[in-house]
Amino acid sequence: MYARVVKWEGGSAEAIRESIAQIEENSRSGPPEGVPSTGFTFLADPEGGKVIAIGMFATEEDLQKGHATLEQMSPPTDMGTRVSVETYEVAADIRL
């Protein structure tokens, strides 16, 4: 499994909450077209103006395809400035 981790900083609390709510609403029909993700996790510090988005992908090929598609997209509202995009091989995914 692979993860794409994106960080934003400098967003307003209201914009962060609205953006994540919109993303969550849009995800009810599945991932965006061209993004073969198995799921997304969003970590937010609205008062601190920070968001981390973690997209999970079953294969490296899916990660690369999803990354290419997501690079062409923008958050629905201003979540701040995107400060990094990193990819990782998932060493362990423990859910209790």
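Which residue in β3 is the bridge partner of Val5? In this model, which is a predicted one, that partner is Ile54, and I would like to use the pair as our way into the sheet.

Val5 and Ile54 belong to a longer pairing, since strand β1, residues 2-10, and strand β3, residues 50-57, run antiparallel to each other and are joined over eight bridges. Further along, Lys7 has Ile52 as its bridge partner in β3, and Ile52 is also the β3 partner of Leu43, so to speak a residue to keep an eye on as we turn to β2.

Between β2 and β3 there are again eight bridges, and these two strands are likewise antiparallel; one of the pairs sets Ser37 opposite Phe57 of β3. The two strands form a hairpin with four residues between them, and in that turn Gly49 has a positive phi of about 75°.

On to β4, which is joined to β1 by nine bridges, once more in the antiparallel sense, and here Ala3 stands opposite Tyr88 of β4. Taken as a whole, then, we have an open sheet of four strands, in the order β2-β3-β1-β4, with antiparallel pairing. The edges are held by β2 and by β4, residues 80-89, and because each of these has a single partner strand, one side of each is left without a neighbour in the sheet. On average, and with direction ignored, neighbouring strands of this sheet are turned by 15° against each other.

Let me now add the helices. Helix α1 lies across β2 and β3, and runs at about 165° to β2, whereas helix α2, residues 60-71, lies across β1, β3 and β4 and runs at about 25° to β1.

What, then, makes up the largest nonpolar core? There are six residues in it, namely Val6, Trp8, Ile16, Val51, Ala53 and Met79, and the elements that give two or more residues to this core are β1 and β3. Apart from it lies another core, of five residues, among them Tyr2, Val35, Leu63 and Leu70. To return to one member of the largest core, Ile16, if we set aside residues up to four places away in sequence, touches Gly11, Ala44, Asp45, Pro46, Gly49, Lys50, Val51 and Met79; Gly49 in that list is the turn residue of the hairpin that I mentioned earlier.

I will finish with Gly34, which sits in the loop between α1, residues 13-26, and β2, residues 37-45. Is Gly34 buried, partly exposed or exposed? It counts as partly exposed, because its relative accessibility is 23%, and the cut-off for buried is under 20%. Leaving aside its neighbours within four places in sequence, Gly34 is in contact with Lys65, Gly66 and Thr69. For Gly34 and Gly66, which are 32 residues apart along the chain, the C-alpha atoms are separated by 6.2 Å.

Definitions and conventions: Residues numbered from 1 in each chain as written. Predicted model: local features only at pLDDT ≥ 70, side-chain atom pairs only at ≥ 80, totals over all residues. Heavy atoms only, no water. Buried < 20%, exposed > 50% of the residue type's maximum accessible area, 1.4 Å probe, protein only. Contact = heavy atoms within 4.5 Å. Pairing = 2+ DSSP bridges. Core = buried A, V, L, I, M, F, W, Y, C linked by side-chain atoms within 4.5 Å. Axes fitted to C-alpha atoms, helices over the stretch in contact; angles between N-to-C directions.
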